[in-house]
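Here is my note on the structure you sent, set out point by point so that you can check each one against the coordinates.

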Amino acid sequence: EPEGSRLPFAPVLPLHAASLNLRLMAGLVDGCILLAGFLGFTAVFALTLGKLPAPPIPAHIPLQIAAIGSAGILGLMALLYQALFFTFSDATPGMRYARIGLCTFNDENPTRAAMRRRILIAAFSLCPLGLGILWACLDDDGLGWHDRISRIYQRSY
């Protein structure tokens with residue numbers, strides 16, 4: 001094949017990406033761990049908030065603020081969860097349970113810095129209504145936008 005004819009996001013080797021079922025299972029395990037941590041955080045916050053004086057705000061506004069704040073905290077916890085495991089380990093507990101590991105397009109182990117960059121790229125691929133993640137269902141290799149841009153994908157072992 002002539003040099004320069006490859007697309008910049010195309011893999012070099014034929015990829016053996018983990019199936020969508022395994023990736024979904026890993027995501028569910030990680031999601032359950034995150035949800036347990038979030039509920040613990042919420043319980044401590046609710047116990048602390050019960051002792052604080054209530055500000056004079058209309059009744060419907062605190063629920064909206066709490067919902068927006070909860071979604072923001074849950075998203076921040078998800079980013080920190082991924083960053084923690086990819087800083088000190090090479091996989092999350094869900095990935096270990098599903099027997100999935102990260103691999104580069106050149107069939108090498110990615111560096112920790114590359115894995116952390118992949119987290120930010122995955123967050124940006126979620127921005128357009130999750131289309132970057134859902135693209136894996138339509139892609140021939142089963143890869144999302146964040147996999148192609150970071151040149152790192154999930155491989156079953």
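The points below go from the overall fold to the salt bridges, the pocket and the surface.

1. Please keep in mind throughout that this is a predicted model, and that every value below was calculated from it. The protein has 6 helices and 2 strands, and, read from the N terminus, its elements follow the order α-α-α-β-α-α-α-β. Of the 157 residues in the protein, 28% are buried.

2. A search of the whole structure finds 6 salt bridges, and I would look at those of Asp 147 before the others. The side chain of Asp 147 meets that of Arg 23 in a salt bridge, with an N to O distance of 4.0 Å. This pair links distant parts of the chain, since Arg 23 belongs to helix H1 and Asp 147 to helix H6, with their positions 124 residues apart in sequence. Both Arg 23 and Asp 147 are buried. The cut-off for a salt bridge is within 4 Å, and the reader may wish to keep that in view when weighing the 4.0 Å value given for Arg 23 and Asp 147.

3. Asp 147 also forms a salt bridge with Arg 118, where the closest N and O atoms are 2.4 Å apart. Because Asp 147 lies in helix H6 and Arg 118 in helix H4, this pair ties together parts that are 29 residues apart in sequence. Arg 118, like Asp 147, is buried.

4. A further salt bridge joins Asp 139 and Arg 148, with 2.8 Å between the closest N and O atoms. Asp 139 counts as buried because its relative accessible area is 15%, which is under the 20% limit; Arg 148, at 15% relative accessibility, is likewise counted as buried. As for the network, salt bridges that share partners join Arg 23, Arg 118 and Asp 147 into one.

5. Turning to the pocket, the largest one holds about 990 Å³ of space. Its lining is made up of 29 residues, and those that lie nearest the centre are Gly 27, Gln 82, Ile 133, His 146 and Gln 154. The elements that contribute two or more residues to this lining are helix H1 (20-49), helix H2 (60-88), helix H4 (112-126), helix H5 (131-134) and helix H6 (145-150). H1 provides the largest share of the lining, with 9 residues. When the lining residues are sorted by class, 17 are nonpolar, 8 are polar and 4 are charged.

6. On the surface, a nonpolar patch is formed by Leu 129, Leu 131, Leu 134, Trp 135, Leu 138, Trp 145 and Ile 149, which together have about 770 Å² of accessible area. H5 and H6 each supply at least two residues of this patch, whereas Leu 129 is found in the loop between H4 and H5. Leu 129 counts as exposed because its relative accessibility is 79%, and the limit for that class is over 50%.

7. A last, smaller point concerns Thr 42, which is found in helix H1. Its relative accessible area is 31%, so Thr 42 is classed as partly exposed. Thr 42 and Ile 73 are 31 residues apart in sequence, and their C-alpha atoms are 9.8 Å apart in space.

Key: Residues numbered from 1 in each chain as written. Predicted model: local features only at pLDDT ≥ 70, side-chain atom pairs only at ≥ 80, totals over all residues. Heavy atoms only, no water. 1 Å grid on protein atoms, 1.4 Å probe; cavity = no way out; pocket = protein on both sides within 12 Å on 5 of 7 lines; lining within 4 Å. Points joined across faces, edges and corners; volume = space filled by probe spheres on them. Helix = DSSP H or I, 4+ residues; strand = E, 2+ residues; numbered from the N terminus. Nonpolar A, V, L, I, M, F, W, Y, C, P; charged D, E, K, R; others polar. Patch = residues over 30% accessible without salt bridge, like charges linked within 9 Å, V, L, I, M, F, W, Y side chains within 5 Å. Areas by Shrake-Rupley, 256 points an atom, 1.4 Å probe, with all protein chains shown as cover. Buried < 20%, exposed > 50% of the residue type's maximum accessible area, 1.4 Å probe, protein only.
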